[in-house]
Amino acid sequence: MKREPILRSEKVTVEFDGFVAVREMSFELADRELRFLIGPNGAGKTTFLDVICGKVRPKNGQVLYRAQSSGSEVPLTRRKEHQIASLGIARKFQAPSIFTDLTVFENLELSVQKKKGILAAMTTGVKREMRDRIQGQLEMIGLSDKSGFRAGGLSHGEKQWLEIGMMLLQDPRVLLLDEPVAGMTDAETEKTGELLKEITRERAVVVVEHDMEFVRNYSSLVTVMHEGQLLKEGTMSDIQSDDRVAEVYLGKKAG
Ligand SMILES: Nc1ncnc2c1ncn2[C@@H]1O[C@H](COP(=O)(O)OP(=O)(O)OP(=O)(O)O)[C@@H](O)[C@H]1O
């Protein structure tokens with residue numbers, strides 16, 4: 001039986017002053033899927049994620065989200081960014097947004113408090129539960145040893161993991177990531193790939209990515225966009241053997 005998608009778009013079109021950045025983009029994401037979204041510069045990938053998270057409003061089409069696996073779909077297209085975030089869709093931009101003067105632990109703590117809406121009046125039990133969750137998160141992002149370090153002193157890769165950890169403590173069902181491995185060392189890139197695999201045991205992730213080796217190593221399904229449109233969807237080997245994709249990337253004529 002086909003699994004119902006957690007998120008889908010129907011013919012989403014975005015125009016900026018008459019310029020069509022995304023054209024009739026239809027897309028389906030299954031729960032706990034790791035999907036890569038690739039395409040040349042200007043293909044519309046970031047704009048498409050912007051539509052999903054409510055940053056950009058489409059001219060036509062809609063985005064539908066199934067907040068609970070047994071529940072019905074809710075349209076996202078008319079909701080505000082913060083409403084979409086609280087429904088369980090988290091967006092991470094390329095530059096990490098962390099509090100550099102706070103420690104790693106304090107950054108994570110703020111994230112849990114934001115989710116729970118508790119700053120004061122925490123019972124000892126709640127505090128312990130929160131500490132345990134943060135410890136678990138620190139382990140997952142590989143920063144247990146750096147819990148007390150100032151976040152501003154972390155490496156680029158570590159900052160990205162910290163921000164991912166902060167997002168996860170908000171308990172989203174879908175994560176939208178913009179080029180998470182850009183600027184990372186090879187070792188950091190590999191660790192990020194493993195982290196994404198672990199995240200998708202519980203959540204769905206969409207990654208916009210230019211690093212083709214990374215996509216090859218960690219993808220199952222890949223969506224290719226070109227000039228605002230869906231060009232091809234399939235495994236990396238389907239994508240690599242597609243003449244139209246080769247033409248778009250390498251300027252090669254098919255045939
Ligand atoms: N706010 C905006 N106003 C006008 N044009 C925009 C705006 N945002 C994006 N565009 C244009 O829309 C097109 C798609 O941009 P987008 O950033 O979505 O592409 P992309 O596939 O993410 O590219 P890259 O891989 O380079 O980040 C580009 O031609 C871009 O210049």
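**Hairpin, ligand shell and open sheet in a predicted model**

Strand 1 and strand 2 form a hairpin in which two residues lie between the strands, and Asp17 in the turn adopts a positive phi of about 45°. The structure described here is a predicted model. Within the hairpin, strand 1, which comprises residues 7-16, pairs with strand 2 in the antiparallel sense over seven bridges. One of the bridge partnerships joins Val14 to Val22, the latter in strand 2.

Strand 2 also takes part in the surroundings of the ligand, since this strand (19-29) and helix 1 (45-52) each supply at least two residues of the shell. The residues around the ligand are Phe16, Phe19, Ala21, Gly39, Asn41, Gly42, Ala43, Gly44, Lys45, Thr46 and Thr47. Among the contributors to this shell, helix 1 gives the most, with three residues. When the shell is divided by class, four of its residues are nonpolar, six are polar and one is charged.

A further part of the model is an open sheet, in which six strands follow the order 6-7-8-3-9-10 and the pairing is mixed. Strand 6 and strand 10 (229-234) each have a single partner strand and therefore stand at the edges, with one side of each left without a neighbour in the sheet. From one strand to the next, the twist averages 20°. Inside this sheet, strand 7 (residues 174-178) and strand 8 (residues 204-208) pair in the parallel sense, and the pairing extends over five bridges. Leu177 stands opposite Val207, which belongs to strand 8.

The edge strand 6 (89-92) is also one boundary of the loop that holds Thr103, the other boundary being helix 3 (104-116). Thr103 has 17 other C-beta atoms within 10 Å and is therefore classed as partly exposed, because a buried residue would need 20 or more such atoms and an exposed one would have 12 or fewer. When residues up to four places away in sequence are not counted, Thr103 touches Ser147, Gly148, Phe149, Arg150 and Ala151. For one of these residues, Arg150, the separation from Thr103 is 47 residues in sequence, whereas the distance in space, taken from C-alpha to C-alpha, is 4.1 Å.

How values were computed:
Residues numbered from 1 in each chain as written. Predicted model: local features only at pLDDT ≥ 70, side-chain atom pairs only at ≥ 80, totals over all residues. Near = placed C-beta within 6 Å. Helix = DSSP H or I, 4+ residues; strand = E, 2+ residues; numbered from the N terminus. Nonpolar A, V, L, I, M, F, W, Y, C, P; charged D, E, K, R; others polar. Contact = placed C-beta atoms within 7 Å. Pairing = 2+ DSSP bridges. Axes fitted to C-alpha atoms, helices over the stretch in contact; angles between N-to-C directions.
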